[in-house]
Amino acid sequence: KKILFSGIQPSGVFTIGNYFGALKNWVELQDEYNCYYCVVDLHAITVPQVPKDLRQNSKNALAMLLACGLDPKKATIYYQSHVSGHAELAWILNCFSYMGELSRMTQFKDKSRKQGENIRVGLYDYPVLMAADILLYQADLVPVGQDQKQHLELTRDIAQRFNNTFSPTFTIPEPYIPKAGARVMSLQEPEKKMSKSDENINAFVSMTDHKDTIIKKFKRAVTDSEAEVRYDEENKRGISNLMEIYSVATNKSYEEIEREFQGKGYGDFKLAVGESVANLLEPIQREYTKLLNEKGYMEEILKESTEVARRVSNKTLSKVKKKVGFVSF
Ligand code: AQP
């Protein structure tokens with residue numbers, strides 16, 4: 001089986017963007033590949049976090065991954081900070097990465113703009129830690145959205161550089177483009193993606209939002225001054241985004257949706273989108289609450305998965321340490 005790595009930051013409550021863009025695919029991939037799914041808490045602290053919130057979000061994240069259908073019998077699911085190899089390898093890879101290439105990362109440029117004057121080194125170094133995550137497990141495949149493509153390119157460059165300097169050590173990972181990967185946009189500013197850390201809570205739908213809240217948020221979603229449900233990404237971003245959400249929630253095609261709402265107003269359409277999302281989330285939310293209430297189960301899973309991740313990552317790390325010239329012990 002090919003090895004696949006993916007991570008998600010516990011930087012807030014997961015949104016339906018995380019679900020349709022990542023988690024839903026993760027569930028499908030676990031049957032086909034040897035998957036490592038990591039809650040990347042080390043990445044989360046590249047921007048300021050309140051410790052008690054980070055801890056809670058991290059616990060909730062694990063429960064949500066399981067509630068969405070990830071199966072610990074099929075995939076290895078763990079916290080990044082529990083496997084010290086991530087930080088260790090990141091340090092070594094730092095010494096094989098160039099300032100120039102990191103400075104070109106668009107995510108750093110975007111996120112650092114929001115951080116004001118004291119930009120943290122960790123934010124700058126984010127892509128090297130991501131390279132370590134991937135290379136540590138000798139991943140063949142990494143599911144990436146458009147926004148992470150540049151980081152994966154960098155991972156490949158660093159891996160190749162290391163391999164060329166010494167001898168083949170790392171598998172060069174390929175991007176995995178999911179068959180049905182939705183990109184969900186903000187409900188308030190449909191030109192930017194839906195983000196769990198958006199300051200405007202009406203911009204995103206959380207995986208844990210109550211049905212009434214979901215319907216209210218869709219009702220408030222920014223659209224346009226026409227009254228036609230038609231897919232047109234350029235001129236009707238808001239409506240097109242709602243159509244995409246409705247389409248992934250119901251498996252209906254854009255043509256079917258256009259037909260369904262012909263002659264009807266945006267109000268009816270928005271209500272239908274809200275209801276379809278609420279119905280989809282309902283069983284996930286039920287499972288999530290159940291999991292958070294039976295603590296022993298999650299801890300058991302974590303123990304086993306973390307051991308696997310430590311064992312596999314140590315194998316790579318030992319090789320790396322030997323190659324760079326550290327004394328073995
Ligand atoms: N709006 C989105 N549409 C589709 N996919 C999305 N992802 C995130 N937002 C959308 C995908 O979710 C996975 C995990 O993302 P992450 O938590 O590592 O970081 P992110 O991409 O930065 O997600 P957020 O929600 O925007 O978090 P914050 O606000 O903390 O930065 C990734 O596979 C991502 O593509």
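Let me start with the ligand, which is surrounded by 21 residues, the closest being Gly17, Gly21, Gly145, Ser195 and Ser197; a residue counts as near when its C-beta atom, placed from the backbone, lies within 6 Å of the molecule. Two elements give two or more residues to this shell, strand S1 (3–8) and helix H1 (16–29), and H1 gives the most, with four; helices (H or I, at least four residues) and strands (E, at least two) are DSSP runs, numbered from the N terminus. The shell divides into five nonpolar, twelve polar and four charged residues, where Gly is counted among the polar ones, Asp, Glu, Lys and Arg are the charged ones, and Ala, Val, Leu, Ile, Met, Phe, Trp, Tyr, Cys and Pro are nonpolar.

This is a predicted model, in which local features need pLDDT of at least 70 and side-chain atom pairs count only at pLDDT 80 or more, while totals for chains, interfaces and linings use all residues. Residues are numbered from 1 along each chain as its sequence is written. The chain averages a pLDDT of 95, the predictor's confidence in each residue from 0 to 100, and the model scores ipTM 0.95 and pTM 0.93.

Turning to helix H8 (residues 149–165), its end C-alpha atoms are 24 Å apart, which agrees with the 24 Å expected for 17 residues at 1.5 Å a residue, taken as 1.5 Å times one less than the number of residues. Among its buried residues (20 or more other C-beta atoms within 10 Å of their own, against 12 or fewer for exposed) are His151, Leu152 and Phe162. Seen down the axis, the buried residues of H8 fall within an arc of 155 degrees, so they line one face, the arc being that of the directions from the helix axis to the C-beta atoms. The face turned away from that buried side carries the exposed Gln160 and Asn164.
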